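Trainee: I've got a structure open and I'd like to learn how to read it. Could you walk me through it?

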Amino acid sequence: MKITYLGHASFAIEFNGKNLVLDPFISPNELAQNIKVSDIPADYILVSHGHMDHVADVEAIAQNTGAGVISNYEIVSWFGEKGISGHPLNLGGGCEFEFGSLKYVNAVHSSVLPDGTYGGNPGGFVVWSDSQAFYFAGDTALHMDMKLIPMTCPKLDVAILPIGDNFTMGYQDALLASNFIECDRIIGCHYDTFGYIEIDHAAAKKAFAEKGKELILMDIGATIEI
Ligand code: NI
Ligand code: MN
């Protein structure tokens, strides 16, 4: 898989020949002004929950590409009213897609859409093919249900976890989360975008390195292949 960081909690992931875009919040993000939303290829847009800093560019990308939304029932219905197609899920449920298997898993957070519409329960995604797997946690606190992921899904190659604290878990809790999900290669997200979530990069990386784990903090626009 090829993972490109689009800033905040937004990623473009080429997985099993398909382009997935996760939680696009690009045009309002001052740190991501070098990313052109109209250039982002997408076959599917995965939305973890309804907050503005995760859905801002869903509509633009869907209109540019014809991509459908994969999210919870409430969010897929909300975008459906705007003429955007989608596949609704609810927590604990999974489905087969062209790119592989996807399961919508628990997150401990809140979820309301930008116009105040109830956004259903927040979640994260585990995505896997015959050869690779990743977990995108969405916005979440550390929680014990993360222990269910290695019990119910294939071994993860990488996990994308929020590390900015304040609105989600911080990096110390993300380090514990990496134990729960049995994955030692973590990409951090949901940090530095706003004053509340600025973090010390060196301290965060050191905390992981001391436990023999890797915390990857990607430059916005950078791509890594796993
Ligand atoms: Ni949120
Ligand atoms: Mn958020």
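**Strands first, then metals**

Mentor: Sure. Keep in mind that this is a predicted model. Start with a pair of strands: β2 (residues 11-15) and β3 (residues 18-22) run antiparallel to each other, paired over 5 bridges.

Trainee: Which residue in β3 is the bridge partner of Ile13?

Mentor: That's Leu20. Now zoom out, since this pair sits in an open sheet of 7 strands, ordered β6-β5-β4-β3-β2-β1-β14, with mixed pairing.

Trainee: Which are the edge strands?

Mentor: Look for strands that pair on one side only: here they're β6 (86-89) and β14 (223-225). Ignoring direction, neighbouring strands in this sheet are turned by 20° against each other on average.

Trainee: What lies across β5 and β6?

Mentor: Helix α3 (residues 73-80) does, running at about 145° to β5 (68-72).

Trainee: On to the metals. Which residues coordinate the manganese ion (ligand 2)?

Mentor: Check the atoms around the ion: Asp53 (OD), His54 (NE2), Asp139 (OD) and His190 (NE2) coordinate the manganese, at 2.1 to 2.2 Å. Along the chain, those donors follow the spacing D-H-x84-D-x50-H.

Trainee: Why does the pair of His54 and Asp139 tie together parts that are apart in sequence?

Mentor: Because His54 belongs to helix α1 (residues 52-55), while Asp139 is in the loop between β10 (133-136) and α4 (148-152), the pair links parts 85 residues apart in sequence.

Trainee: Are His54 and Asp139 buried or exposed?

Mentor: Both are buried. Asp139 has another role in the picture, too: it coordinates both the manganese ion (ligand 2) and the nickel ion (ligand 1), which are 3.1 Å apart.

Notes. Residues are numbered from 1 along each chain as its sequence is written. Chains are lettered from A and ligands numbered from 1 in the order in which they are written. This is a predicted model: local features need pLDDT of at least 70, side-chain atom pairs count only at pLDDT 80 or more; totals for chains, interfaces and linings use all residues. Side-chain values use heavy atoms; hydrogens and water are left out. Two strands pair if DSSP finds at least two bridges between them. Helices (H or I, at least four residues) and strands (E, at least two) are DSSP runs, numbered from the N terminus. Axes are lines fitted to C-alpha atoms, for helices over the stretch in contact, and angles run from 0 to 180 degrees between N-to-C directions. Contact means heavy atoms within 4.5 Å. Donors are N, O and S atoms within 2.8 Å of the metal (3.2 Å for Na, K and Ca); water is not among the atoms, so sites may look incomplete. Buried means under 20% relative accessible area, exposed over 50%, partly exposed in between (1.4 Å probe, protein chains only).
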